Amino acid sequence: MYHKPYVILGIVVFLIILATPYWVTAGNIKYEDIHKELAKPKGVNCIMGVKWMASKHMELLNEWREIAVRKGVRKYKTENGVFNVSLTECWRCHNYDEYCKKCHEFMDVRPVCWDCHYNPGMKIPTVNYIK
Ligand code: HEC
Ligand code: HEC
Ligand code: HEC
């Protein structure tokens, strides 16, 4: 076929354009870049090491939910200390908006936890409690 080289070139160009968003994103967003954008937490150590926390905090929270709700365990000991088994424990050291949310937005993660659980970034309406 006379136009064959052009057809193949066309397909190659098309595939490169199609793949562009992937390698542009892959090249731009690096863990180190996000890490240094985050607000400095209080305290010296997290519950576990930083790299471990970065990749496994969701698993830790799942484990915490199970041991708290099903077994009534409310304290958790690691080599970094003793921690309260609760999502609110995170707010002792971390700013929600400038830490958790910032990274989640970069990563496009949307935890549903805040439908029920408190985080300090929330605007809580004033309630008239019945005494
Ligand atoms: C539909 C409501 C709801 C949603 C959504 C929800 N939880 Fe909970 N969670 C609860 C309730 C109710 C308890 C029990 C509170 C207690 O016993 O202190 C609880 C307890 C927990 C506990 C232990 C106690 C504490 O104070 O934190 C953890 C940890 C936890 N949930 C983590 C999570 C995580 C992580 C998510 C999101 C991935 C999540 N939950 C989503 C309702 C919810
Ligand atoms: C006693 C204070 C303290 C508590 C409590 C705490 N953190 Fe941390 N967290 C830190 C410190 C300090 C770092 C390390 C920051 C650094 O070195 O850049 C950290 C790091 C992290 C990182 C790694 C972020 C990155 O850039 O790699 C994640 C994720 C994290 N914490 C989540 C949590 C969650 C979720 C909770 C609650 C379950 C929690 N932390 C409770 C102090 C704490
Ligand atoms: C350095 C980036 C980073 C930081 C900081 C961070 N997270 Fe995450 N988080 C992630 C990523 C990435 C996921 C999704 C992992 C997956 O899908 O396997 C995630 C998932 C979660 C989930 C599970 C969501 C679900 O729907 O299952 C919870 C809960 C959560 N993070 C809570 C927190 C809290 C609380 C903090 C702050 C104290 C925090 N994260 C800080 C990157 C981060």
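**Close-up 1. The surroundings of ligand 3 in the predicted model.** The shell around ligand 3 holds 15 residues. H57, M58, C100, C103 and H104 are the closest. Two histidines make polar contacts with the ligand. A polar side-chain atom of H57 sits 2.8 Å from a nitrogen atom of ligand 3. For H104, an N or O atom of the side chain is likewise 2.8 Å from a nitrogen atom of the ligand. Two elements, α3 (50-71) and α4, each supply two or more residues to this shell. α4 contributes the most, with 5 residues. By class, 12 residues of the shell are nonpolar and 3 are polar; none is charged.

**Close-up 2. The surroundings of ligand 2.** Here 21 residues surround the ligand. Y31, C46, C90, C93 and H94 come nearest. Two side chains approach oxygen atoms of ligand 2: an N or O atom of Y31 lies 2.3 Å from an oxygen, and a polar atom of H35 lies 2.5 Å from an oxygen. The side chain of H94 instead places an N or O atom 2.7 Å from a nitrogen atom of the ligand. α2 (31-37) and α3 are the elements that give two or more residues to the shell. α3 gives the most, with 6 residues. The shell comprises 14 nonpolar, 5 polar and 2 charged residues.

**Close-up 3. The iron atom of ligand 1 and its protein donor.** A single donor from the protein serves this iron: NE2 of H117. The donor is 2.0 Å from the metal. H117 belongs to the segment that follows α4 (96-107).

Technical notes
Residues numbered from 1 in each chain as written. Chains lettered and ligands numbered in written order. Predicted model: local features only at pLDDT ≥ 70, side-chain atom pairs only at ≥ 80, totals over all residues. Heavy atoms only, no water. Donors = N, O, S within 2.8 Å, 3.2 Å for Na, K, Ca; no water. Helix = DSSP H or I, 4+ residues; strand = E, 2+ residues; numbered from the N terminus. Near = heavy atom within 4 Å. Polar contact = N/O pair within 3.5 Å; in protein donor to acceptor, adjacent residues only side chain to side chain. Nonpolar A, V, L, I, M, F, W, Y, C, P; charged D, E, K, R; others polar.
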